[in-house]
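Visitor: Could you walk me through this one, helix packing and aromatic rings included?

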Amino acid sequence: MAAMDAKLPWFATLSAQDRSWIGLVAQSGISAFVEWFRDPEAHSSMPTRIFGSAPREFTRVISLHQTVDLVRTTIETIENTIGTLLPPDDVPIVHEAIQRYAREVAFAAATVYAQAAEMRGAWDARLEALLVDSVIRGEADESVRSRASALGWTGAAGTTGAAEVAVVVGRAPAEPAEVRNAGSNVADLVRHAAREAGADALCAIQGDRLVVVLGGTSEPVEIVQKLAPWFGPGPIVVGPVVKDLMSAVTSARAAVAGLRAAVAWPGAPRPVPADELLPERSLSGDGHARRQLANEVYGPLTMGDGVLLDTVSAYLDSGGSIEATARAMFIHANTVRYRLKRVADITGYNPLNPRDSFTLRVALALGRLLNPEPGSTVL
């Protein structure tokens, strides 16, 4: 113990309890060596049992590298003192035995830490799966935040230091050959790729879905482009960015609904934001998407005298012809162009774009069905 205190600077920083555990392990190791030296064959498992006197949590107090330093210091101290304890003719024999024994102890230490790492990894994987499930089910509370912190989640890993969160949903890989070749699992590889891209990630496979909760980035689509290889074939839907993990259910709900509806848009980009699937989500029965289109697209067009609503309706009914719209409304074509530009500025959807015009048509139909009053909000 005096040698450890003199040679290992970090040893002095340990608590008295931890130092006492180290003393017990060293004492156990020396006693085990005596038994093993008497009959190595009968006590072949003795080196692997010397760490049994230490609590399991001890692997979190000191690292494997520090454990190796402790073993090395103990062996060196014994080698330096056996000459004063044994007859000269016995020293070489005991010295050789100590070398063999020290090698077995080193392997035993590696085994102990490997088993501890496996247990922590299995526990962390279960905890992470529960956290992701809580987010998907909308049951996130303060306990979810604390458990996420225990897994290393900061929510502000990005270069902006932002705490935004977005949920990503796609298909789980059917035959993850890359995963097998890497000797890891999908969740580990996704977390590593997200970390390399500057974001936090919680990951879980739920049936045939791969769900990733990204944190610390306001541009999740850019991050997901780097994670795409670890998803299975098919669409990858990115939910809208929310302020923190507690609000992630909003993003999760949109992402899950988007994945269900993405089949209706074969040409969708991969990944695709859930808000770009609002028409398909509305047609598939997503009430949140219906209200969003009615409130954020149809509602603003009903404000004022409703001339923008009349113009975009006439434009869509005329098959996208500006001239036909002008004739139907008895106005100049440039007036139509100006009003359509105003529609694009207000709603974010350009009627001249085929995809946007489809979204506008669905939004107008939903708005009329839900029949909101001018300027009102659909609940």
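**A buried glutamine, ring pairs and helix crossings**

Guide: Let's start with Gln66, which counts as buried, with a relative accessibility of 19%. Keep in mind that this is a predicted model.

Visitor: Which helix is Gln66 found in?
Guide: Look along residues 64–85, since Gln66 is found there. That stretch is helix H4.

Visitor: And which residues does Gln66 touch, leaving out those up to four places away in sequence?
Guide: Contact here means heavy atoms within 4.5 Å. With residues up to four places away left out, Gln66 touches Trp10 and Val61.

Visitor: Trp10 has a ring, then. How is the aromatic pair of Trp10 and Phe11 arranged?
Guide: Both Trp10 and Phe11 are buried. Their rings sit 6.3 Å centre to centre, with 70° between the planes. Planes over 60 degrees apart count as edge-to-face, so the pair of Trp10 and Phe11 is edge-to-face.

Visitor: How many aromatic pairs does a search of the whole structure find?
Guide: Trp10 with Phe11 is one aromatic pair. Searching the whole structure, the total comes to five.

Visitor: How far apart in sequence are the parts that Phe33 and Tyr101 tie together?
Guide: The ring centres of Phe33 and Tyr101 are 5.2 Å apart and the planes are at 65°, so this pair is edge-to-face. Both residues are buried. Phe33 lies in helix H2 (residues 16–38) and Tyr101 in helix H5 (residues 91–137), so the parts tied together are separated in sequence by 68 residues.

Visitor: Which residues do ring pairs link into a cluster?
Guide: Phe33 and Tyr101 belong to it. Add the other two, and the cluster reads Phe33, Trp36, Phe37 and Tyr101.

Visitor: On to the helices. How are H14 and H15 oriented to each other?
Guide: The axes of H14 (residues 322–329) and H15 come within 8 Å and cross at roughly 105°. Angles of 65 to 115 degrees count as roughly perpendicular. H14 and H15 are therefore roughly perpendicular.

Visitor: How do the residues of the contact of H14 with H15 divide?
Guide: On the H14 side are Ile322, Glu323, Thr325, Ala326 and Met329, meeting Ala333, Val336, Arg337, Arg339 and Leu340 in H15. By type, that gives six nonpolar, one polar and three charged.

Visitor: What about H12 and H15: is the crossing left-handed or right-handed?
Guide: The axes of H12 (residues 287–301) and H15 (residues 333–347) come within 9 Å and cross at roughly 145°. The handedness of this crossing is right-handed.

Definitions and conventions:
Residues numbered from 1 in each chain as written. Predicted model: local features only at pLDDT ≥ 70, side-chain atom pairs only at ≥ 80, totals over all residues. Heavy atoms only, no water. Axes fitted to C-alpha atoms, helices over the stretch in contact; angles between N-to-C directions. Helix = DSSP H or I, 4+ residues; strand = E, 2+ residues; numbered from the N terminus. Left-handed = near helix turned anticlockwise from the far one by under 90°. Parallel < 35°, antiparallel > 145°, perpendicular 65-115°, else oblique. Nonpolar A, V, L, I, M, F, W, Y, C, P; charged D, E, K, R; others polar. Buried < 20%, exposed > 50% of the residue type's maximum accessible area, 1.4 Å probe, protein only. Phe/Tyr/Trp six-rings, centres within 6.5 Å; stacked < 30°, edge-to-face > 60°.
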